[in-house]
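Work through the exercises below with the sequence and the model open. Each task is followed by a solution in steps.

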Amino acid sequence: MSADRSTYRPENMTANRTPLTIAAVLSVAMMAPVAWLLGLSIKDNMELKLGTDSVFELPYTLVNYLNILHSSQVFGWFFNSLVVATGQTFGVLVLSSLAGYAFARLEFPFRRTIFVIVLFGLAVPEQAVIIARHQMFNWAGLHNSYVGLILPDLSSALGVFLMTQFFKAIPREIDEAALLDNASPLRIFWKVLLPLTLPAQATLGIFTFLRAWNDYWWPLISATKKEMFTLTIGIASSQINFAQTEGLGFLSAQAVFASLPVLIVYLIFQRHIVTAVSGGAVK
Amino acid sequence: MRRFLLSTAALIALSCGTPAQAETKIELQRFFGACDADYGTVTDVSKAVGECGIITSLVNKFEADNPDIDVNVTTVEWPGYDQLNAQLASGAAPDVVSMHYSAISDYQSRGLIDPVDEVLSAEGISPDSFTDAARDGVTKDGKMFGLPFDNWTMLFHVNLNLMKEAGLVNADGTPILPKSADELIAQGKQFKEKTGKPYLVQIYANETAAYTRILYTLLQQQNSDFFADPTKIKLNTPEAKAALEFMKKIKDEGLTTTGLDYAAAVTAFQNGDGGIAVNGTWLIGDYVAQSEKEGTPLANGYTVYPVPQLYPGRDSTYADGHSWVLPHKDRTPEQTAAIGKLFKFLADNDYEWARTGHLPSVKAVFDKPEFKALPHRENIAEIAQTGRSLPAAVQRQFPIQDIIGEEAGAAINGDKSVDDALTSAESRINDLLANL
Amino acid sequence: MAESYRRSQWSNGLFVLPYLAVFVVLLAFPLFWGVWLSLHKVDLFGPGRFVGLANYGRVLVDPVFLQALRNTIVFVLVSVPVLVALGLFLALALNRTTRMTSFLRGLFFSSSVLSVTIVTLIWRFVFIPGDGLLAVLSEALSVQPVNFLSTSGWSLFSVGVATVWWCIGLPMMLFLAALQQIPNDLYEAAALDNASPWRVLTRVTVPSIARTIMLVAVIQIVMQFQLFGQAQLMTNGGPNGTSRPLVMYIYEVGFLRWDVGKAAAASELLFLIILVAAMAQYVVSARKSEASE
């Protein structure tokens, strides 16, 4: 995407403010549930038991947030999610860049056949392999470990496919210049081409990170010890039967607390994330 | 591969571990909810109310009494058997797990849990110290496969304040409860007319267990032997039809709350939204505590009775119980000893657990003056005799419960005819049991 | 030297080897193992015996599977067009650079970074009877509240609302990126013809981003067929299984009923369905964009 190109659209669209107004109205619908959650999180649990309409009245309290600090396991879950998502992102980037470079630029026996087989992997959903994977990991003793949580999605073919496309999009002249200097394929990859793919790395990295962060089924059956719960599974474990146990206010505070770090990171990097995600559509 | 991974793990453990004082660690996994915010540090068990509070503070107390034992508690979403299955399959099962009596045979029949007889005898706990119902609940092939913790049934939790308003209270202050299905409908209508509120508070949303337990109860009361063959259920019977039609009629006549999930039903009764909550023994302690607070809808107006006998067959209520089982795994002698201590502690403190409202599993508790002094226990004492479980040989009782609950719910909500629902439930369950 | 770069060499394959190893071990092998499992009567805890296609037969006559299949297809048929249309609408409305639009873009994408359990927690607190936001609001307006999570029809609808809320960011972003690739002269030509905004939209904008529309649709079809967490956490598939998706069926059969062979058979069938649906969508769109060119 060229940044200098005008993002302005023709007058006939700009003049018409109706779509923007509708979008603004939709944004209220977008925010209302979150506002409700925030409201619940600053109310006393006992008061909420008598009726949640008290959210609209004083008094408010931070007691739920204080309770998190000394009793919730949300910190540990958060750390696990961070390790898993970071590890997976790193792994996917390394594997996909290496493979993408080779598929796009190098010749080796069976290149086409292998590429087609890998592309076929794009069509395999998690469900088709998850039960067998669970049994494999039983055998290897890999459940309830970071490795066990990180490994499965490294096999995703999407990253290889995207990186191959990105490497193909780099003009040939660039590595041919390097070839004249007798550079090895590894050197060309590392010194010349890899730096050019940084925007693509960001795109793939963010996709991978978000998918890992939000993964549900695999950690549900693999991370079965509470020390290894990811944030997703940890919050799930405490959200059932809520009124009976922790109380609406506490759970809301926990949810707010758990979402804050990602939202903050998102706000800081918003511009880059938007560029990165948009970059994914550019062919 | 596996050995390589394990030895690497061992190496890492050796190089990082600094075992200063060898603490014995027990992984305990349970339902009953999480309430660390309120009870995370409470060790005075007598201050706790309700299942979650009492079990949390019991474990805290045990840890305080035994500084050399670390009990690492994981709370799971009720009933947590899917998670346990994944753990057992991956060889990562915890040391001690909460389990319903009705689920034990699934795991025992596959050798997935260990007998506890030796653990109990090492601590001097005799099998005779448990009530017959509790001991039978955990005994398979002559061995005990868990520490029985309680027995429970569904009950009629009564809001006397509303019943008075409806004119359904005797001169001595006890509630007038129905003695037949027709009487229940009639009294329900009277209640609704006088108070404008539904007669029953039932769990109808996102729920299968409550439907099933009531249906089992109504079938038992008609002497229907629906599991005469433990590998085949029979639901295409006049008794099942009568029971389900009766349950549907309660809903059609507007005599029950609808759309409440478990949590909402618990609070709805507390807030005076209906006359009688059909829910388990485990809520007695919570509701008694509520009724002692002035100004609440339950203030000085709570009592509780067994589900009344509504059919002439016999007085019976579906019963189950909670136990602590030991998944099959290698344990160090220290761990086994620690588990023994924990079991002894839990058995010794069964009175505290009985304060929830559950029937104690330990016989001696019944004779304790404190237990006798607990409110309303004489009303429900008879469930020790009238409580009946499914035949012990019936496997997959939880999946069966889900199927019956789903189909019964469909019939009651009018999405299916009663006959279709019963036929469908029967064939689904029999397909499940035929393919174990 | 340039030749060694271009010439076919085994050593060049080393770059692919790490991924290929992971691919074979964690994708190809489990895929075949899954097929093998689906041909066996096997439970979670032990070896099984070969039963041929019996598991597939049992799945295909299981009314619960058929109901879950129907639920999933309905869910995909409704949620994917909504996500595509709403995403496109938002992209069109926000396709300019002002403070307001960049704020709104950020807002509509922000829900995508939340994990499924947070999303379902938020929406349960909106939908639950009695205490939920909608129940409180309808009480304030004296409207009879709907039991969203426990009424057939409404429960799947509620899962759909939460899903759209959660997933809308990605389609919007992909469309925004595509819109910015449309050459300005196309719009200038349309302006010269005095084309109406609607005409510009249908004759210029949509044809120009046809490939992205197809891409978004395929991504969403594949994603929404895999619906699981939202349904399990919000409605548990109820009432009467009317919001149980296929993936939840597989989970229940495998991990609640221990019937791993049957679960594997169902998951292979789901695989086939997703493959066919995505291919069909691809072929149809490809043909359409060819025809329009």
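The exercises concern a predicted model and go from whole chains to single residues.

**Exercise 1. Chains A and C as wholes**

Task: State how many helices and strands chain C has, how many there are in chain A, and what share of the residues is buried in chain C and in chain A.

Solution.
Step 1. Chain C has 15 helices and two strands. In chain A there are 16 helices and zero strands.
Step 2. Of the 293 residues of chain C, 52% count as buried. For chain A, with 283 residues, the buried part is 48%.
Step 3. Contacts can be sorted by sequence separation. In chain C, 70% of the contacts with a separation of 6 or more come from residues 24 or more positions apart. In chain A, 76% of the contacts between residues at least 6 apart join residues at least 24 apart.
Step 4. For the extent of chain C, take the principal axes: its C-alpha atoms fill a box of roughly 80 × 75 × 35 Å.

**Exercise 2. Domains**

Task: Give the domain bounds in chain A and in chain C, and describe where the domains of chain C touch.

Solution.
Step 1. Chain A is assigned domain 1 (11-68) and domain 2 (72-239). The centres of these two domains, taken over C-alpha atoms, are separated by 36 Å.
Step 2. In chain C, domain 1 covers 1-38, and domain 2 is made of 53-118 + 150-292. Their C-alpha centres lie 31 Å apart.
Step 3. Four residues of domain 1 of chain C are in contact with eight residues of domain 2 of chain C. The domain 1 side of this contact divides into two nonpolar, two polar and no charged residues.

**Exercise 3. The contact of chain C with chain A**

Task: Find how many residues each chain brings to the contact, and which element of chain C gives the largest share.

Solution.
Step 1. Chain C brings 88 residues, and they are in contact with 85 residues of chain A.
Step 2. On the chain C side, the largest share comes from helix 2 (residues 17-38) of chain C, with twelve residues.
Step 3. By class, the chain C side divides into 62 nonpolar, 20 polar and six charged residues.

**Exercise 4. A helix pair between chains A and C**

Task: Describe how helix 2 of chain A and helix 4 of chain C cross, and list the residues that make the contact.

Solution.
Step 1. Two quantities are needed: packed helices are described by the angle between their axes and the distance between the axes.
Step 2. The axes of helix 2 (residues 18-41) of chain A and helix 4 (residues 63-93) of chain C come within 8 Å and cross at roughly 120°.
Step 3. Angles of 65 to 115 degrees count as roughly perpendicular and those over 145 as roughly antiparallel. Helix 2 of chain A and helix 4 of chain C are therefore oblique to each other.
Step 4. The crossing of these two helices is left-handed.
Step 5. Helix 2 of chain A contributes Pro19(A), Leu20(A), Ile22(A) and Ala23(A), and helix 4 of chain C contributes Phe89(C), Leu90(C), Leu92(C) and Ala93(C). These divide into eight nonpolar, no polar and no charged residues.

**Exercise 5. The contact of chain B with chain C**

Task: Determine which element of chain B gives the most residues to the side that touches chain C.

Solution.
Step 1. The contact takes 25 residues from chain B and 21 residues from chain C.
Step 2. Elements of chain B giving two or more residues are helix 4 (81-89), helix 20 (397-412) and helix 21 (418-434).
Step 3. Helix 4 of chain B gives the most, with six residues.
Step 4. The chain B side has twelve nonpolar, eight polar and five charged residues.

**Exercise 6. Burial of a helix and of two residues**

Task: Decide how far helix 9 of chain C is covered, then classify Ser208(C) and Glu165(B).

Solution.
Step 1. Helix 9 (residues 169-179) of chain C is mostly covered, with eleven of its eleven residues buried. Among them are Gly169(C), Pro171(C), Phe175(C) and Leu179(C).
Step 2. A residue is buried at 20 or more C-beta neighbours within 10 Å and exposed at 12 or fewer. Ser208(C) has 16 other C-beta atoms within 10 Å, so Ser208(C) is partly exposed.
Step 3. Ser208(C) is in helix 11 (residues 197-208) of chain C. Not counting residues up to four places away in sequence, Ser208(C) touches Ile182(C) and Leu186(C).
Step 4. Glu165(B) has 16 C-beta neighbours inside 10 Å and therefore counts as partly exposed.
Step 5. Glu165(B) lies in helix 8 (residues 160-165) of chain B. Leaving aside neighbours within four places in sequence, Glu165(B) is in contact with Lys194(B) and Thr195(B). The C-alpha atoms of Glu165(B) and Thr195(B) are separated by 6.5 Å, at 30 residues apart along the chain.

How values were computed
Residues are numbered from 1 along each chain as its sequence is written. Chains are lettered from A and ligands numbered from 1 in the order in which they are written. This is a predicted model: local features need pLDDT of at least 70, side-chain atom pairs count only at pLDDT 80 or more; totals for chains, interfaces and linings use all residues. Domain bounds come from an automatic or database domain assignment. Helices (H or I, at least four residues) and strands (E, at least two) are DSSP runs, numbered from the N terminus. Two residues are in contact if their C-beta atoms, placed from the backbone, lie within 7 Å. Ala, Val, Leu, Ile, Met, Phe, Trp, Tyr, Cys and Pro count as nonpolar, Asp, Glu, Lys and Arg as charged, and the others, Gly among them, as polar. Axes are lines fitted to C-alpha atoms, for helices over the stretch in contact, and angles run from 0 to 180 degrees between N-to-C directions. Angles under 35 degrees count as roughly parallel, over 145 as roughly antiparallel, 65 to 115 as roughly perpendicular and the rest as oblique. A crossing is left-handed if the near helix is turned anticlockwise from the far one by less than a right angle, and right-handed if clockwise.
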